[in-house]
Amino acid sequence: VSTQSTGTLDAPSSSCPESRGLPDDIFLSWKKDTVNTICNKLSEGQRSALICELLGRLPAKNRLFLVRNLQKIATVDFVSQLPYELSLSILQYLDPASLFAAAQVSRYWNKLINSECVLWRDACLSLRITLAYSSLQPTSYYRDKVSSYLTQLRNLGNRSGCKIESVSDVTN
């Protein structure tokens, strides 16, 4: 494929499978091999320049498609990639308000956080919430205690005119 003086791309040459009407899987394989060959021969700067050139030629609709898909690729849910026990170990470092926020990140995080009563029991203990039972209770018991406590803190702050930034403002 070459560039004419008008700045538009020529029609595919006869060596391009697209012009020979090959099946999609063969054409996609050809494109992949061609892109790999080109990228392996270019320096980092040349690859960047090629990307800029290609992006400049794309219609806005295609650029928007790329942006949306690049965001998906760049956003990695590290918690779901880790072993279950390691994910829990990391989540135990969150303060109670952050646990609620983290539970809203994704279905996986919600399931993970709300299936582990130990996370919520530790949250209760960190807030010095008196627990009626010494044995482990269902997750909802601890989560509801923490939720009630945080709601009371917010209401107290609203009534007194104080702005409570975090739970540590009250518990420390």
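This passage walks through the fold, the core, one helix in detail and a surface patch of a predicted model.

At the broadest level, the chain is all about helices: there are ten of them and zero strands. Reading along the sequence simply gives α-α-α-α-α-α-α-α-α-α. Of the 172 residues in the chain, 19% are buried. The accessible surface adds up to about 12600 Å², and carbon and sulfur atoms account for 57% of that area. As for how the chain meets itself, take the contacts with a separation of 6 or more: 37% of these link residues 24 or more positions apart.

Next comes the inside. Nonpolar side chains tend to be buried together in soluble globular proteins. Here, the largest nonpolar core has 22 residues, and the ones with the most contacts inside it are Ile113, Trp120 and Val146. Five helices each put in at least two residues: helix 5, helix 6 (96-102), helix 7, helix 8 (117-126) and helix 9 (139-160). Helix 9 gives the largest share of this core, with six residues.

Trp120 is a handy place to look at the core up close. Setting aside residues up to four places away in sequence, tryptophan 120 touches Pro96, Leu99, Phe100, Ile113, Asn114, Thr139, Tyr142, Arg143 and Val146. That list takes in Ile113 and Val146, which join Trp120 among the core residues with the most contacts.

Ile113 leads on to helix 7, which spans residues 107-114 and has Trp109, Leu112 and Ile113 as its buried residues. These three sit on the same side of helix 7, because the arc they cover around the axis is only 90 degrees. Turn to the other side of helix 7, and Arg107 and Lys111 are exposed.

Leu112 also turns up in the surroundings of a serine. Serine 87 belongs to helix 5, which runs over residues 84-91. With a relative accessibility of 0%, serine 87 counts as buried, since the cut-off for that label is under 20%. Apart from neighbours within four places in sequence, serine 87 is in contact with Val79, Leu82 and Leu112. The last of these, Leu112, is one of the buried residues of helix 7.

Then there is the outside. Ile51, Leu55, Phe65, Leu66, Leu70 and Ile73 make a nonpolar surface patch of about 580 Å². Two elements give two or more residues to the patch, namely helix 2 (44-57) and helix 3 (60-74). Helix 3 brings the largest share, four residues. On the helix 2 side of things, leucine 55 is a member of that helix. Leucine 55 has a relative accessible area of 32% and is therefore partly exposed.

Leucine 50 is another residue of helix 2. Its relative accessibility is 31%, so leucine 50 counts as partly exposed. Not counting its neighbours within four places in sequence, leucine 50 is in contact with Ile38 and Leu42. Cysteine 39 is eleven residues away from leucine 50 along the chain, and the C-alpha atoms of the two are separated by 9.5 Å.

Key. Residues numbered from 1 in each chain as written. Predicted model: local features only at pLDDT ≥ 70, side-chain atom pairs only at ≥ 80, totals over all residues. Heavy atoms only, no water. Buried < 20%, exposed > 50% of the residue type's maximum accessible area, 1.4 Å probe, protein only. Arc of directions from axis to C-beta. Contact = heavy atoms within 4.5 Å. Patch = residues over 30% accessible without salt bridge, like charges linked within 9 Å, V, L, I, M, F, W, Y side chains within 5 Å. Areas by Shrake-Rupley, 256 points an atom, 1.4 Å probe, with all protein chains shown as cover. Salt bridge = Lys/Arg side-chain N within 4 Å of Asp/Glu carboxyl O. Core = buried A, V, L, I, M, F, W, Y, C linked by side-chain atoms within 4.5 Å.
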